[in-house]
Amino acid sequence: MRPIQMVDLKKQYQEIKADVDAAIHEVLDSAAFINGKAVQDFSKSLANYLDVKHVIPCANGTDALQIAMMALDLQPGDEVITPSFTYIATTEVVALLRLQPVFVEVDPKTFCIDPAAIENAITPRTKAIVPVHLYGQAANMEAIMEIANKHGLAVIEDNAQAIGSDYYYKDGSSRKTGTIGTIGCTSFFPSKNLGCYGDGGAICTNNDELADKMRMIANHGQKVRYYHEMVGCNSRLDSIQAAVLNIKLPKLDQYIEARRKAAAYYDQAFAGHKKITTPYRASNNKHVFHQYTLILEGINRDELHQYLAEKQIPSMIYYPVPAHRQNMFAALGGNKFELEVTDWLTERVISLPMHTELDQEQLDYITTEVLAFADKN
C-alpha cells in the first residue's frame with residue numbers, strides 16, 4: 001500500500017506532470033513572471049467556470065478578504081459578522097483593518113454560519129457578513145442574502161474551501177459558491193481543491209465598480225502606473241502559479257468527483273455507528289469535500305488522533321481553538337461571546353485524509369483502523 005497522505009500532492013502532480021512542466025517552461029521562456037499571459041488567461045477561464053463577470057487574481061486568500069473589505073470602505077469600529085469556527089484568516093483580516101468582529105454560531109450539522117444567529121447579531125454598526133463555506137459545504141446563502149438585503153449589508157463569501165460547489169435555490173436555479181454575495185474570495189493554497197504550487201488567491205464579483213476598485217487596491221491603489229488614487233497593497237498571483245492553475249482548472253470537476261467518491265466510501269463504512277457522525281449534506285448545495293470531518297461522541301478524539309498516527313494514518317483537528325477564544329481577539333472582546341455549538345464541535349471533530357488520489361486499499365485501511373479504535377473505546 002502506498003503511504004497515506006492527508007493530501008497527496010505528489011501523486012496528483014505525477015498525473016499532470018507533462019502538462020504542468022510545459023506550462024511552467026512557457027512562462028520561463030517568456031520571462032513574463034508578473035501579470036503575464038498565464039495570469040490573464042486564468043482570470044478569464046475562472047470567470048467562465050464560475051459564470052461571474054469579474055475575477056481579480058491576488059497573492060493569497062487572506063489578501064483576497066482584506067482587499068474585499070477595503071473596497072467596501074468599512075471604517076474602524078464597523079461590525080463584521082463572522083463564524084468563530086473557521087480558519088483564523090477569515091477573522092484576522094477583520095481585526096487587521098480595525099473592524100469589530102462579531103462572532104456567531106454555526107449550524108451543528110453543516111458547520112456553516114447559522115442565519116438565525118446572524119439576524120440576532122445585527123446592530124446599527126453592522127456593515128458586513130462573512131459566511132464561510134466550511135470543509136467544502138455551502139452556507140445557507142439564500143437565507144443569508146435575504147437578511148443582508150433586508151438590512152442593507154454587504155456579504156463577503158469566504159469560498160477558500162468550497163470552490164466548484166453548486167448552490168441550489170428553492171426555485172431550482174443554481175450558482176457557484178463565491179458568486180452569490182457582494183464579493184467572493186478564494187485561496188489556491190496547494191492543499192485546496194484547486195491548488196497551485198505556492199500561494200495564490202482570487203476575488204470575484206458581478207459589480208463593475210467594485211471590480212475596478214479591487215483591481216486598483218491590489219495594485220498599490222493605481223489604475224495608471226505611478227498615479228495612486230487610493231491606499232492599496234501589493235497582491236499579485238504570479239505567472240508560474242497561474243500556469244499551474246490553468247492546467248488544473250479544467251480538471252476541477254473531476255477532482256471534486258474523486259473526493260465525493262472517497263467521501264461516499266467513508267460514509268458507507270461508518271454508517272450507523274453510534275459513536276461516529278459522518279458529514280451532513282445539506283440539500284441546497286453540492287458538498288465538494290475539501291475536508292472529510294467526523295463528529296465523535298463517546299470517543300476520545302485526541303487519543304484517536306494519536307492512535308491513527310501510530311498506524312501511519314494522518315488526521316487533522318480543524319480548528320481546536322475557535323477564533324473567539326484566541327488570544328489575538330482578547331482586546332476586541334472575543335471572550336465575551338458564548339458559542340456553545342462552536343465549543344462543542346471543537347472538542348469533537350476530526351478530519352480524515354481527503355484528496356483526489358485515495359485508492360480503495362487506503363480507504364479500507366483507514367476505515368478499518370478508525371472502527372477498530374471506536375469499537376474498543
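This section describes strand pairing, cysteine environments, salt bridges and a surface patch in a predicted model.

Strand S9 covers residues 201-205, and 5 of its 5 residues are buried, so the strand is largely enclosed by the rest of the structure. In a regular strand, side chains alternate between the two faces of the sheet. In S9, Gly 201, Ile 203 and Thr 205 point one way, Ala 202 and Cys 204 point the other way, and all of them are buried. Two pairings of S9 were found in the antiparallel sense. With strand S1 (residues 54-58), S9 pairs antiparallel over 5 bridges; within this pairing, Cys 58 has Gly 201 of S9 as its bridge partner. With strand S8 (residues 183-187), S9 also runs antiparallel, and 4 bridges join the two. Here Ser 187 is the residue whose bridge partner in S9 is Gly 201. Gly 201 is thus a bridge partner of Cys 58 and of Ser 187.

Strand S8 also pairs with strand S5, in the parallel sense and over 3 bridges. In this pairing Glu 157 stands opposite Gly 184 of S8. Strand S5 spans residues 154-158 and is mostly covered, with 5 of its 5 residues buried. The cover extends to both faces: Ala 154, Ile 156 and Asp 158 are buried on one side, and Val 155 and Glu 157 are buried on the other. Strand S4 (residues 126-129) runs parallel to S5 and is joined to S5 by 2 bridges. Ala 128 has Ala 154 of S5 as its bridge partner. Between S4 and S5 the chain passes through helix H6 (residues 141-151), and the resulting β-α-β crossover is right-handed.

The cysteines were examined for covalent links. A disulfide is a covalent bond between the sulfur atoms of two cysteines. The search of the whole structure returned 0 disulfides. For Cys 196, the closest cysteine sulfur is that of Cys 58, and the separation of 11 Å is too far for a bond. Cys 196 counts as buried because its relative accessibility is 0%. For Cys 233, the closest cysteine sulfur is again in Cys 58, at 8.3 Å, which is too far for a bond. The cut-off applied to a pair of cysteine sulfur atoms is 2.5 Å. Cys 233 is buried as well, with a relative accessible area of 17%; the limit for this class is under 20%.

Salt bridges were searched for over the whole structure, and 18 were found. One of them links Lys 37 to Asp 41, with the closest N and O atoms 2.6 Å apart. Lys 37 and Asp 41 are 4 residues apart in helix H2, so about one helical turn separates them. Lys 37 is exposed, at a relative accessible area of 57%, whereas Asp 41 is partly exposed, at 28%.

A further salt bridge joins the side chains of Glu 119 and Lys 150, with an N to O distance of 3.6 Å. Because Glu 119 belongs to helix H5 (residues 115-121) and Lys 150 to helix H6, this pair ties together parts that are 31 residues apart in sequence. Glu 119 is partly exposed, at 27% relative accessibility, and Lys 150 is exposed, at 60%. Helix H6 is also the helix through which the chain crosses from S4 to S5.

Arg 215 and Asp 212 form a salt bridge in which the closest N and O atoms are 3.6 Å apart. Both residues lie in helix H7 (residues 208-217), at a spacing of 3 residues, or about one turn of the helix. The relative accessible area of Arg 215 is 35%, which places this residue in the partly exposed class; Asp 212 is partly exposed too, at 36%. Elsewhere, Arg 2, Asp 8 and Asp 359 are joined into one network by salt bridges that share partners.

On the surface, a nonpolar patch is formed by Leu 28, Phe 33 and Ile 34, which together have about 260 Å² of accessible area. Ile 34 is located in the loop between helix H1 (9-30) and helix H2 (37-50). Its relative accessibility is 45%, so Ile 34 counts as partly exposed.

Terms used. Residues numbered from 1 in each chain as written. Predicted model: local features only at pLDDT ≥ 70, side-chain atom pairs only at ≥ 80, totals over all residues. Heavy atoms only, no water. Patch = residues over 30% accessible without salt bridge, like charges linked within 9 Å, V, L, I, M, F, W, Y side chains within 5 Å. Areas by Shrake-Rupley, 256 points an atom, 1.4 Å probe, with all protein chains shown as cover. Salt bridge = Lys/Arg side-chain N within 4 Å of Asp/Glu carboxyl O. Buried < 20%, exposed > 50% of the residue type's maximum accessible area, 1.4 Å probe, protein only. Pairing = 2+ DSSP bridges. Right-handed = clockwise from strand over helix to strand, strands pointing away.
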